[in-house]
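Me: I should like to go through the terms used to describe this model and see what each one rests on. Please set each value against its definition.

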Amino acid sequence: MESPQVTVKAEPDGVWRIVCAGEFDLDTTGKLEAACQGEAAGARLLVIDVTGVAFADSSFLNVLIRLRNTRPVVLAGPLPHQLERLLEMTGARALFTIRDGQAPEA
């Protein structure tokens, strides 16, 4: 299993970019949640860059949905095929703003 990496970057105007890479499952999704509840807790907008996500299961999706319920969330893509399929199969794709290859507007 490819160990997940989560990098947190502050951007102007209360925007925080969370860059996710690797494989995320029940045992490793806590890294994403901890980053968003720690350094980026006061974010006005969370931009979650998922381009480097090799695998994501329902626990990763659950964290994304919980985050979306607490503040605006944008997924920066392009979405990896497996994650896009997960979002479509669960009907969750419509819950997120997805921006491919560009910096999301605040």
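**Terms and the values behind them**

Me: What covers the buried residues of H1?

Reply: Their cover includes strands S1, S2 and S3 together with helix H2. This is a predicted model, in which local features need pLDDT of at least 70 and side-chain atom pairs count only at pLDDT 80 or more, while totals for chains, interfaces and linings use all residues. Residues are numbered from 1 along each chain as its sequence is written, and side-chain values use heavy atoms, without hydrogens or water. Contact means heavy atoms within 4.5 Å. Helices (DSSP runs of H or I, at least four residues) and strands (runs of E, at least two) are numbered from the N terminus.

Me: Which residues of H1 are buried, and why are they placed on the same side of H1?

Reply: Leu 32, Ala 35 and Cys 36 are buried in H1. They cover an arc of only 95° around the axis, and therefore they lie on the same side of H1. The arc is that of the directions from the helix axis to the C-beta atoms. Buried means under 20% relative accessible area, exposed over 50%, and partly exposed in between (1.4 Å probe, protein chains only). An α-helix has 3.6 residues a turn, so residues three or four places apart point the same way.

Me: How does H1 (residues 30-37) lie with respect to the strands?

Reply: H1 lies across S1, S2 (15-24) and S3 (45-56), and runs at about 15° to S1. H2 (residues 58-68) also packs on the sheet, where it touches S2, S3 and S4, and its direction makes about 175° with that of S3. The angles run from 0 to 180 degrees between N-to-C directions, with axes fitted to C-alpha atoms, for helices over the stretch in contact. Angles under 35 degrees count as roughly parallel, over 145 as roughly antiparallel, 65 to 115 as roughly perpendicular and the rest as oblique.

Me: Why are H2 and H3 given the description that they have?

Reply: The axes of H2 and H3 cross at roughly 70° and come within 11 Å. H2 and H3 are therefore roughly perpendicular to each other. Ser 58, Phe 60 and Leu 61 in H2 meet Leu 83, Leu 86, Leu 87 and Thr 90 in H3.

Me: What makes one face of H3 distinct, and where do its buried residues fall?

Reply: Leu 83, Leu 86 and Leu 87 are buried in H3 (residues 81-90). Seen down the axis of H3, its buried residues fall within an arc of 95°, so they line one face. They pack against S3, H2 and S4. On the other side of H3, His 81 and Met 89 are exposed.

Me: Which strands are at the edges of the sheet, and why?

Reply: The sheet is open, with five strands in the order S1-S2-S3-S4-S5 and mixed pairing. S1 (5-10) and S5 (97-100) stand at the edges because each has a single partner strand, which leaves one side of each without a neighbour in the sheet. Neighbouring strands are turned by 25° against each other on average, direction ignored.

Me: How many bridges support the pairing of S1 with S2, and of S3 with S4?

Reply: S1 and S2 pair in the antiparallel sense over six bridges, and S3 and S4 in the parallel sense over four. Two strands pair if DSSP finds at least two bridges between them, so these counts meet the definition. Val 6 has Cys 20 in S2 as its bridge partner, and Leu 46 has Val 73 in S4.

Me: What is the handedness of the crossovers from S3 to S4 and from S4 to S5?

Reply: The β-α-β crossover from S3 through H2 to S4 is right-handed. The crossover from S4 through H3 to S5 is right-handed as well. The term applies if, with the strands pointing away from the viewer, the path from the first strand over the helix to the second runs clockwise.

Me: Why does Asp 13 count as buried or exposed?

Reply: Asp 13 has 61% relative accessibility, and therefore counts as exposed. Asp 13 is in the loop between S1 and S2, and its phi is near 65°, a positive value in a residue other than glycine.
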